[in-house]
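User: Please examine a single part of this model closely, beginning with one charged side chain and its partner. Then relate that part to other local features in one connected account.

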Amino acid sequence: MASTSSLAFPSLQLQFQTPRKSFTSTRRVFLRPICASVSEKSSSSSSSISSQPAEPTKLPLRKIPGDYGLPFVGPLKDRQDYFYNQGREEFFKSRIQKHQSTVFRVNMPPGPFFTTKSQVIVLLDGKSFPVLFDVTKVEKKDLFTGTYMPSLELTGGYRTLSYLDPSEPKHDKLKRLMFYLLKSGIKSLIPEFQSSYSELFETLETKLADKGKASFNEANDQAAFNFLARSLYGTSPSNTQLGTDGPKLVQKWVLFQLSPILVLGLPKFIEDPLIHTFPLPPFLVKKDYQRLYDFFYQSSGHVLDEAERLGVSRDEACHNLLFATCFNSFGGMKILFPNMLKWIGRAGAKLHSELAQEIRSVIRSNGGNITMSALEKMPLMKSVVYEAFRIEPPVSLQYGRAKTDLVIESHDAAFKVKEGEMLFGFQPFATKDPKIFENAEEFVPDRFVGEEGEKLLQHVLWSNGPETKTPTVGNKQCAGKDFVVLASRLLVVEFFLRYDSFEIEVAASPLGAAITMTSLKRASF
């Protein structure tokens, strides 16, 4: 996904507080309780992250390398390299090598004819990247998807919360509304997750028995949508006119917004002019979107009442609730959950066994109940979840426009940025920075266990901010950061309560990994 503010949970401070029982060694473990509070402070000072030192930089000042090429020609060439000639990761790696710098100038897709504003300054290390979260230094207005903005016809004519800068008055009201939504659903989160994902596991087992393999992604899409609808809105989609159509309607609608920055696997001579050159016409998804809108409007009574109290119309609020739930939350779970299973699956039976032992031991000692306090007593499980966020964050692209002249530091040099210039960061490079993380390219299950592991959480950035920071109405960190963490932990816990181990096949997809389950070994202890 593009630079997203995916729904998260404001009233569950699920920051990793427990030092390490290592995957490979034994260390002391300290437990701290979850703190329940809602962060609605309008000040952004508490969450600002500066890329500039308090004192004048001692690093050498260097001119930002790279250029944008000729008008029209340069953006087209970079687009071809990004999507086809090199691919995304090699596109950035080759330019780091060429310029001997993790900060440089380049054009970002889609370019012509979507936009003439393709020029960005790229930040590809863990030291320079955090300036993108500092709303005192960068503006986030209309930058959610990057250098282009999808038609407002796809969102009811409104600029939704993700496109608003915190300086805009409507940002405060809409983010408070998201906090209210999440807080109101707190009691149903765990039971509705258990219900929705029990259905997923039953589906996988049935298909495995019939065909010898089962698509996790298809079952996950339905389970994720059901979970969000049931836990946040108290409505089961299957009992409404929407039925089981929600996931496919959402995916089609999201495609019309993100197609300019996706690769669908079509032949280049068809795909590039079809989705990277001109926008897909919104009228083609108008009826699909209306079905989603009707579902959320009918299911959101008390939330829409709260919106009116905050000074937001019911219509605008409903479009925002739809966007936050379907684009941000559902989209995040659609990418994150398969990716997480990919890394856990590849780690093998040893990790599976240790997770099963830790999870089952804690749940048994808790009377067989899954609670948030019980989840806090599973250091390896929590570390595995954070490591999945680190190694392959569901949010890859981040943008911000400099509000004033800045000096940005990489590990090796300082760079002057002028007011109005666009900054861009590719997050997987920042969260796999070898100067911050040891064995940065490897999935290390117990990386975040222990006191030293806990210190590294400030460099886990998937939520549009550090894992150690809290979403507020004054910043752009995901309103539901902790909701997503909780849901991810629940997936791992539910999985290893039910299964000892599993085997998978992995393929690429336009959004995340495509996971096919080939074996599920039921719990034996």
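Analyst: In this predicted model, Glu-441 is exposed, because its relative accessible area is 55% and the threshold for that class is over 50%. Glu-441 forms a salt bridge with Lys-432, whose closest N and O atoms lie 3.7 Å apart. Lys-432 counts as buried, because its relative accessibility is 13% and the limit for burial is under 20%. The pair therefore joins an exposed acidic residue to a buried basic one.

Salt bridges with shared partners also occur: Lys-77, Asp-78, Asp-81 and Arg-95 are joined in this way into one network.

The backbone of Asn-439 also deserves attention. Asn-439 is not a glycine, yet has a positive phi of about 50°. The residue belongs to the loop that runs between helix H14 (427–430) and helix H15 (450–455). Asn-439 is classed as partly exposed because its relative accessibility is 42%.

A similar question of backbone geometry arises at Asp-142, where phi is near 60°, again positive in a residue other than glycine. Asp-142 is placed in the loop between strand E3 (138–139) and helix H3 (169–184). With a relative accessible area of 23%, Asp-142 is partly exposed. Such values stand out because most residues other than glycine have a negative phi, and most peptide bonds are trans.

The second half of that statement bears on the loop between strand E1 (103–107) and strand E2 (119–123), which holds Pro-110 and Phe-113. The bond from Pro-109 to Pro-110 is cis, with omega near 10°. The bond from Pro-112 to Phe-113 is cis as well, with omega near 5°.

Phe-113 leads on to the surface, where Leu-70, Phe-72, Val-73, Phe-113 and Phe-278 make up a nonpolar patch with about 540 Å² of accessible area together. Phe-278 sits in the loop between helix H7 (268–277) and helix H8 (286–299). Its relative accessibility is 46%, so Phe-278 counts as partly exposed.

Returning to charged pairs, the whole structure contains 36 salt bridges. One of them links the side chains of Arg-79 and Asp-272 at 3.1 Å, N to O. Because Arg-79 lies in helix H1 (residues 73–85) and Asp-272 in helix H7, this pair ties together parts that are 193 residues apart in sequence. Both Arg-79 and Asp-272 are buried. Lys-248, by contrast, is exposed at 53% relative accessibility; its salt bridge is with Asp-245, and the closest N and O atoms are 3.6 Å apart.

Another lysine, Lys-481, is placed in helix H16 (residues 481–498). Lys-481 is buried, because its relative accessibility is 0%. Its side chain makes a polar contact of 3.1 Å with the side chain of Asp-482.

The last feature is an open sheet of three strands, ordered E4-E10-E9, with antiparallel pairing. Strand E4 (214–215) and strand E9 (499–508) are at the edges; each has a single partner strand, so one side of each lacks a neighbour in the sheet. E4 is paired with strand E10 (residues 513–522) in the antiparallel sense over two bridges. Within this pairing, Ala-214 has Met-517 of E10 as its bridge partner.

Conventions:
Residues numbered from 1 in each chain as written. Predicted model: local features only at pLDDT ≥ 70, side-chain atom pairs only at ≥ 80, totals over all residues. Heavy atoms only, no water. Patch = residues over 30% accessible without salt bridge, like charges linked within 9 Å, V, L, I, M, F, W, Y side chains within 5 Å. Areas by Shrake-Rupley, 256 points an atom, 1.4 Å probe, with all protein chains shown as cover. Salt bridge = Lys/Arg side-chain N within 4 Å of Asp/Glu carboxyl O. Helix = DSSP H or I, 4+ residues; strand = E, 2+ residues; numbered from the N terminus. Buried < 20%, exposed > 50% of the residue type's maximum accessible area, 1.4 Å probe, protein only. Polar contact = N/O pair within 3.5 Å; in protein donor to acceptor, adjacent residues only side chain to side chain. Pairing = 2+ DSSP bridges.
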